[in-house]
Amino acid sequence: MPLLRDPSMASLVLLYLSQWRLPRSFFFIPTTLALATSLLILFYISTTSNLFPPLPNLSSFAPQIYPFQSQRSLPPNSAPNGNYDNNNEVFHDTHIFVQDYKEMKRSFKIYVYPHRKDDPFANALLPVDFEPAGNYASESYFKKVLMESHFITNDPIQAQLFFLPFSIARLRHDPRVGVGGIQDFIRDYMFNISHKYQYWNRTGGADHFYVACHSIGRSAMEKATQVKFNAIQLVCSSSYFLSGYVAHKDACLPQIWPRKQDPPNLLSSNRTKIAFFAGGINSPVRERLLQVWRNDSEIFVNFGRLNTSYADALLGSMFCLHVKGFEVNTARIADSLYYGCVPVIIANYYDLPFADILNWKSFSVVVATLDIPLLKKILKGISSDEYMRLRNNVLKVRNQFQWHLSPIDYDAFHMVMYELWLRRSFSTASLSTFEHSKSTNFVS
């Protein structure tokens, strides 16, 4: 006979169940998790959006720390604690920058791994023999100008950094390699370099760098992980959100579509539109921009053929939008500056070009992607005086975003060199510090 058919036993079971209570912790744990999740969501929104008013400025109560600030004498207008108001200046610290820039030009030396003109891959390892052009020209421009500059040394002992001269853009279009073969090419190239020369092995590549403007450059290192995690990556696709990009070890290469001379009506142009954007719909951010502003009469968002020239559209706008596409980077920031238009950056996690040198707040507007519906309110909230300050500073930084085959002071080439120079102290060390062995293997 089953146990519960006994009436007395069934009564005891029912009595026990009626008096049993779930422990309080059973309800406490999910409630706590829900509360913590809600707080994290609110924290994210408050730190990335303008929906909440900013907190009071507490800078006067705590010292500020600037990355890569060299130990130079303080400028005359500095406060006793070293801090001073430079919100209107295009450089974080002009005095220190100018001193360090002179030292960089005087002493900075780079060794480039040599390759002959008859090398089977000379097209990807040597500078191009023509003037670079197009959307990814920055990569070729930098290498071409560097190889003809006084920064190059043929003595590795004098070098502070070592350049890995492979071109991701050229390999991408080489039918022998292509997109699918770049990873194997880089792995084999690094194996050969690490066995033929001792310089990679002494630091694990920390004093080496490579350059890539196309986003494929990031995945190109998947079979050479020491390059990704140890070497300096000078890349256009510089996003804090990507695990392979290490801010302050790596640096942003500005994506610049090369142009010559100035627009004929740069200063006299009549800027009647509040904001302008043109480009493909290749990201949720751009889809949201189109959804909100496609029919607006003051913010022109165009994803098709323009009724006017791209140059005239930029010259006729007060603000020009840089909106994240496949990657955080495009050439639109440099386009905006070239045509004297204040850039509005809508690309979360973008490590902006020269961000540790230039004060981006002085010549641009950064808008969180969450605040796209508030875009007009944000831009119309900028006073005429504030806009003129931004516009005047745009004209001051235009040179920093232009390439020249014969480089001039403070242009894009020299700014990139300065970024590398800042990073040399983190990677270089005395030869006596390391034990070398030609048998040391490169581990991918």
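A residue is called buried here when its relative accessible area is under 20%, exposed when that value is over 50%, and partly exposed in between. Keep that in mind as we walk through this predicted model.

Let's begin with helix α16, which covers residues 412-423. Twelve of its twelve residues are buried, so α16 is largely enclosed by the rest of the structure. Among the buried residues are Phe413, His414, Tyr418 and Trp421. The length of α16 fits expectation too: at 1.5 Å a residue it should span 16 Å, and its end C-alpha atoms are 17 Å apart, which agrees.

Charged residues are part of this enclosed helix. Arginine 423 and glutamate 419 sit four residues apart in α16, about one turn of the helix, and their side chains meet in a salt bridge. Arginine 423 counts as buried because its relative accessibility is 5%, and glutamate 419 counts as buried because its value is 3%.

That pair has company, as the count comes to 18 salt bridges. Here are three of them:

| Acidic residue | Basic residue | N to O distance |
|---|---|---|
| Aspartate 207 | Arginine 202 | 3.2 Å |
| Aspartate 335 | Arginine 259 | 2.6 Å |
| Glutamate 419 | Arginine 423 | 2.8 Å |

What does the salt bridge between aspartate 335 and arginine 259 tie together? Aspartate 335 belongs to helix α13 (residues 332-338) and arginine 259 to the loop between β5 and β6, so the pair links parts that are 76 residues apart in sequence. Aspartate 335, at 5% relative accessibility, counts as buried, whereas arginine 259 is partly exposed, with a relative accessible area of 24%. In the pair of aspartate 207 and arginine 202, both residues are buried. Elsewhere, Asp184, Arg187, Asp188 and Lys223 are linked in a network of salt bridges.

Now for the strands. β6 (residues 273-278) and β7 run parallel and are joined by four bridges. Between them the chain passes through helix α11 (residues 284-293), making a right-handed β-α-β crossover. Along β7 (residues 299-302), Ile299 and Val301 point to one face and are buried, while Phe300 and Asn302 point to the other and are not. Such alternation between the two faces of the sheet is what a regular strand shows. Opposite phenylalanine 300 stands phenylalanine 276.

Finally, the surface. Tyr240, Phe241 and Tyr349 form a nonpolar patch there, with about 370 Å² of accessible area together. Phenylalanine 241 lies in the loop between β4 (232-235) and β5 (251-252). With a relative accessible area of 61%, phenylalanine 241 is exposed.

Notes: Residues numbered from 1 in each chain as written. Predicted model: local features only at pLDDT ≥ 70, side-chain atom pairs only at ≥ 80, totals over all residues. Heavy atoms only, no water. Patch = residues over 30% accessible without salt bridge, like charges linked within 9 Å, V, L, I, M, F, W, Y side chains within 5 Å. Areas by Shrake-Rupley, 256 points an atom, 1.4 Å probe, with all protein chains shown as cover. Salt bridge = Lys/Arg side-chain N within 4 Å of Asp/Glu carboxyl O. Helix = DSSP H or I, 4+ residues; strand = E, 2+ residues; numbered from the N terminus. Buried < 20%, exposed > 50% of the residue type's maximum accessible area, 1.4 Å probe, protein only. Pairing = 2+ DSSP bridges. Right-handed = clockwise from strand over helix to strand, strands pointing away. Expected span 1.5 Å × (residues − 1).
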